[in-house]
Amino acid sequence: MDATFETIGLEVPSEKAINFLAERAENQGEPTQLLRRGAVLHGRCWKLGAGLEVWTVLYESGTGDVFYANCRPGFRARYMQRITPWALTEYDEEGEAIIHGYCDGTDTDVLFELQNLTEVGSSGFRAPAIQVGLCGLAYRARVCAREMDARWLPLERAAPSRAAHENDWILRGRVLAFQPLRNPLSGNELYWIHVDLEKLKLEVLVNARSLSGGKMQVGATLSAEVWLQGHVFDQEALRLRYEGLDRTVSTIELWSRFSRSN
């Protein structure tokens, strides 16, 4: 079984099951594509609802040969992080991209699987700082009422035998907020949890079956091992999220859009 899919409440016990899931994502997902060194990456984002996603990537070579490269789970984080400096590493034929960077103004580093490379395109990666939504998909998590020191380490350093991916992390922090969720496809119960790691506030998604310990509550301590993934916000997404005064629009233009009906 692919443990990363279990984190969002999907059971894929075999390669056949993963291929079936990838086919559904290909048929029902939103298509995007990106030119890369004479080849084309074809992305599909199947939005299941409640922020849950399944991503697939097809790799089309310069000779026109197309083959399946990757299928992975995802969750659209609710909060935005500013990362600078940062570096992007792409594995085109495997349909993957990894970003390593630092949370702005701190020495806290993050290394995560980039979900929406084909969605954002090249223009989204030209700035010295990027705005990302990060969420750790938890393989396992535990709640403890006792207050404990914060922790944020690569899993390969803390427990090498349990690290399956370079973007696996181990964390411990105080629960700021949480919300029960349900996977609309499988019906499995999940928890969205916002965790304070002191220098980083991170969203964590955990399958209720993988959550142990005490009662989930604000102020409790959450320990977890997560597969860290994220989405980069392009300019359009940033504009849609903007809730302040837009200095690019004049006051006269703003009031001209209103009219009285009486």
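Helices (H or I, at least four residues) and strands (E, at least two) are DSSP runs, numbered from the N terminus. The structure described here is a predicted model, in which local features need pLDDT of at least 70 and side-chain atom pairs count only at pLDDT 80 or more, while totals for chains, interfaces and linings use all residues. Residues are numbered from 1 along each chain as its sequence is written, and side-chain values use heavy atoms, with hydrogens and water left out.

The backbone offers a starting point. In the loop between strand S1 (30–36) and strand S2 (39–49) lies Arg-37, a residue that is not a glycine and yet has a positive phi of about 50°. Arg-37 has a relative accessible area of 64% and is exposed; by definition, buried means under 20% relative accessible area, exposed over 50%, and partly exposed in between (1.4 Å probe, protein chains only). Ala-50 also has a positive phi, of about 60°, although it is not a glycine. Ala-50 sits in the loop between S2 and strand S3 (52–60), and its relative accessibility of 42% makes it partly exposed. A further backbone feature is the cis peptide bond that joins Thr-84 and Pro-85, with omega at about -5°. Pro-85 belongs to strand S5 (residues 81–91).

The discussion now turns to charged side chains. The whole structure contains 16 salt bridges, a salt bridge being a side-chain nitrogen of Lys or Arg within 4 Å of a carboxyl oxygen of Asp or Glu. One of them pairs Arg-36 with Glu-90, whose closest N and O atoms are 2.7 Å apart. Because Arg-36 lies in strand S1 and Glu-90 in strand S5, this pair ties together parts that are 54 residues apart in sequence. Arg-36 is buried, at 13% relative accessible area, whereas Glu-90 is partly exposed at 21%. Arg-36 and Glu-90 also take part in a network of salt bridges that includes Arg-37 and Asp-92.

Strand S5 also holds Arg-82, which is paired with Asp-104 in the loop between S6 and strand S7 (109–114), 22 residues apart. In this salt bridge the closest N and O atoms are 2.6 Å apart. Arg-82 is partly exposed, with a relative accessibility of 39%, and Asp-104 is partly exposed at 37%.

Another salt bridge joins Glu-225 and Arg-140, with the closest N and O atoms 2.3 Å apart. Glu-225 is in strand S14 (residues 221–232) and Arg-140 in strand S8 (residues 130–144), so that distant parts of the chain, 85 residues apart, are linked. Glu-225 is buried at 6% relative accessibility, while Arg-140 is partly exposed at 40%.The interior remains to be described. The structure holds one cavity of 30 Å³ or more; on a 1 Å grid over the protein atoms alone, a cavity is a set of points where a 1.4 Å probe fits but cannot get out, and lining residues have an atom within 4 Å of a point. The largest cavity encloses about 70 Å³ of space, a volume being the space filled by probe spheres set on the points, with grid points joined across faces, edges and corners. Its lining includes Leu-41, Val-57, Arg-72 and Gly-95. Strand S6 (96–103) and helix H3 (117–120) are the elements that give two or more residues to this lining.

Conventions. 1 Å grid on protein atoms, 1.4 Å probe; cavity = no way out; pocket = protein on both sides within 12 Å on 5 of 7 lines; lining within 4 Å.
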